[in-house]
Amino acid sequence: MSDRTPVIELRKVDKSFGPIDVLHEISLKVHKGEVLCLLGDNGAGKSTLIKTLAGVHQPTRGEILLDGKPVTFTRPKQAQESGIATVHQFGGTFPLMTIGRSFFAGVEPTKGFGPFKVFDRKKANAIAVEAVQNFGITRIDDGDRLVGGLSGGERQSLAIARAVHFGARVLILDEPTAALGVKQAAHVLRIVNEAKRRGLAVIFITHQVMHAMAVGDHFAVLIRGAIAADFRKGEKTREEITDLMAGGQNMADLEAEIEGYMETHEGHPPPIAQPAE
Amino acid sequence: MTEATTTTATTSGRPGLDVLGLFRRPEIGAFAGLVLVFCFFTYFGWDRNFLSPLAAASWLNFASTIGIIAIPIGFLMIAGELDISVGAMVPAAKIILATATGFYGLDIWLGILITFSLAALVGWINGMLVVRTQVPSLIVTLATLFSVAGLTLFLSLYLTDTTQLALRDDDTRPVVEWLMGSYHTLQLGENGPTIWRGIQSSVFIWIAMAVACYYFLHHSPWGNWIFALGGDQESARNAGIPINRLKIGLFMLTAMAAALTGMCETILSNSASTTTQFTLIFNTIIAVVVGGVLLTGGFGTVAGIFFGTATLAIVQQGINYTQFDRNLSNLIIGIMLLIAVLMNDTFRKMATNWSTGKKK
Ligand SMILES: Nc1ncnc2c1ncn2[C@@H]1O[C@H](COP(=O)(O)OP(=O)(O)OP(=O)(O)O)[C@@H](O)[C@H]1O
Ligand SMILES: [Mg+2]
C-alpha cells in the first residue's frame, strides 16, 4: 500500500431514498493525516453522505474503497470494526443510561469468561470519565451518573470522546461543534488536529467557516447532493468559501440586498417568508 | 486512539452506604409499594390467616403465572416495544402441548419442544413484522393476538373436535410433572415447621428466571443493548447494536415465556382450553409498570418487575383473606397503577439529577 492510496475513497456514489435522489455521483478521497471539510447548506446531503460511509445507509450505486479495496458495509458495526468512527449529528448518547454504559454501548468491555461474561462497570466508568475529562470537562468525575443529567455540550463532548476513543483509522464528525462553547469547540479543533497528526483520516462537517479554515486541508462543497467544488487549502479565500457554503449565493450580494431593503423600509429587516432564489 | 486510556481515571471514592443513590433505583419504589401492600393485607387479613403458608402459596402461585411473562414483557418495554399477543400464546401453547402429547400420544419432551418451537415462530413473526413494517408493536401484536387465538380455536376443532383437551399424568413423565406441574411442600423433619406448602413448580421457575434475567439485563453486555435500544433507537443503531435482531429475539423470548406458562398450567391442571386470556395481558403490563419500568422505554429493572408482580398478586389474592368485597381489588390496582406511574416520573427525575460528586 503506497502512501498515496487514500484511506477512504468514494467513487461515483449515488444514494436515493425511493424516488428521492439525495446524493449524486459523489467522488471523494481522504488520505492519511488529512482533514476533509465537508461543507454545504442545510439539506445538501452531508449527513446522508457520512451515514453512507458509516454503514447506516448503503449506496444505491457506486463504491466505497478502504485502503484501495472496495468495501460494503451492511451494518454500522462493520464500519466500526474497520476503524471508522462516526459522531452523528444528533444523539449518540442515551439519556437514561450511565455515562460509562452510554460510552460503551455496542462495544461493552467484559470480564469473566465463557457465557459468564459480565459488563465491566469499573473499567467502563474509568475510561469514559477519563476520556471526557481529557476533553476539558472536568466536572464529570463519576461514570455512574446518568447522561440525561449532563448539559447539551457535555453530552456532545461525550459522544465525540467516544468516537475519538474508538476511531482507529477514520474519524467522521458531523457538526461536532454545533452545541459547544468556545472552549470546547476549540478543543474539538485541537482534537481534529491531533487525530490528523496521528495519521487518521478525518471528515469534518461544519457550518462555521472559521472552524473549517482552522483545520481543513481539503474542502468539498455539496450543493443539492452533488459536489459543487473541491479544492485544497489556500486555493480559495474565506469569502469565496463563505459564498459556497451559502449554497453558491454571493453572501456580499445577500447582505447588500438586506441592507437595501432596510433603507427603503424604515430600518425593518425583510420578512422571513421569502421564496428561495 | 486507544493508547491514551490506561485506567488511571478518578472514580470518586464512594461512601459505604449511599442513601441518595438508593433512591435513584426504580426497584426501590416498587419494593416500598410491595411492603405497603403486604402490611395492609397482613393487618386486614389477620383474622383470616393472610400470613399462613397457604395464603402465601395462593398469591405466589398466582404471581408466577404473571411473572414468567412479565419479565420479558418488561424487557420489551425497556426496549420501547410492547407485546399483547401473549394473551393468545398461553392458550395456544396449552392446546399445542395437549394435542401433541395428550391427543397424538407423542413423548412429553417432544411435545414441549414442538410447543417452544411454534412459540418461537410466533415471536419471530411478531418481531419481523415490527422491524420490517415499522408499525407500532401494539398494533402488530394486537393483530397476532387475534390471529393466534383464531388459529388455535380452528386447529383445535379441526384436529381434535373439541376446545377442551386433557393431558393425563401418565401421558407425561414424573420428572416433567415435578419440574413444571406439581405442588411442592417443604417441611423440616416429621413434625417440624412447614417452610412452604402447596407451591407450584412455576413459582420456582419464575424465581430462577428472575435471577437469570437479572444477570442478563444488568450484567451482561446484551442488557446494555436493550437499554440503548429503548433510550434512542437511532443512536443504538449507529453505535453498531444489531437492533433488529435484538428486537426479534426479545419477541421470541416473550412468546416462549408465555408458552412456558401455558405448559406449566396444562401439566398442573391436566387440561387445556382455547380461551384467550385477556386479563393476563393487562396483568403483565400492570406488573411491569408498577415495577417501575418506564412506558416510553430505556429504564427499568428486573427486581422492580419482580416486586411489581408480587404486589399485584398480593392485591388480587389477598383480598380473599379480608372482609373487603372481592371486587374492590381492581379499584386498589387502578389506584396503585396511577400512583406507580406518577412515582416513576419522580424517580426518573431524581435518577437523572443524582450524582455522587454533588455533595456540596
Ligand atoms: N431516510 C431518508 N429518507 C428520505 N429522505 C431523506 C432521508 N434522509 C435524508 N433525506 C433527505 O436528504 C436530504 C439531505 O439530508 P441531510 O440530512 O443529508 O442534509 P445535511 O446536509 O446533513 O443538512 P444539515 O446541514 O441540515 O444537517 C434532505 O432533503 C432530507 O430530507
Ligand atoms: Mg446534517
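**Helix crossing in chain B and positive phi values in chain A**

In chain B of this predicted model, helix α3 (residues 53-78) and helix α12 (residues 278-290) have axes that come within 8 Å and cross at roughly 65°. Because angles of 65 to 115 degrees count as roughly perpendicular, α3(B) is described as roughly perpendicular to α12(B). The crossing of α3(B) and α12(B) is right-handed.

On the side of α3(B), the contact is made by Phe62(B), Thr65(B), Ile66(B), Ile69(B), Ala70(B), Ile73(B), Gly74(B) and Met77(B), while α12(B) contributes Leu280(B), Asn283(B), Thr284(B), Ile285(B), Ala287(B), Val288(B) and Val289(B). When the residues of the contact of α3(B) with α12(B) are divided by character, 11 are nonpolar and four are polar, and no charged residue is found among them.

In chain A, attention turns to the backbone of two strand residues. Lys12(A), which lies in strand β1 (residues 8-17) of chain A, has a positive phi of about 45° although this residue is not a glycine. Glu25(A), placed in strand β2 (residues 20-30) of chain A, likewise is not a glycine and has a positive phi of about 45°. For Glu25(A), the relative accessible area is 42%, and this residue is therefore classed as partly exposed, a term applied between the limits of 20% for buried and 50% for exposed.

Notes
Residues numbered from 1 in each chain as written. Chains lettered and ligands numbered in written order. Predicted model: local features only at pLDDT ≥ 70, side-chain atom pairs only at ≥ 80, totals over all residues. Heavy atoms only, no water. Axes fitted to C-alpha atoms, helices over the stretch in contact; angles between N-to-C directions. Helix = DSSP H or I, 4+ residues; strand = E, 2+ residues; numbered from the N terminus. Parallel < 35°, antiparallel > 145°, perpendicular 65-115°, else oblique. Left-handed = near helix turned anticlockwise from the far one by under 90°. Contact = heavy atoms within 4.5 Å. Nonpolar A, V, L, I, M, F, W, Y, C, P; charged D, E, K, R; others polar. Buried < 20%, exposed > 50% of the residue type's maximum accessible area, 1.4 Å probe, protein only.
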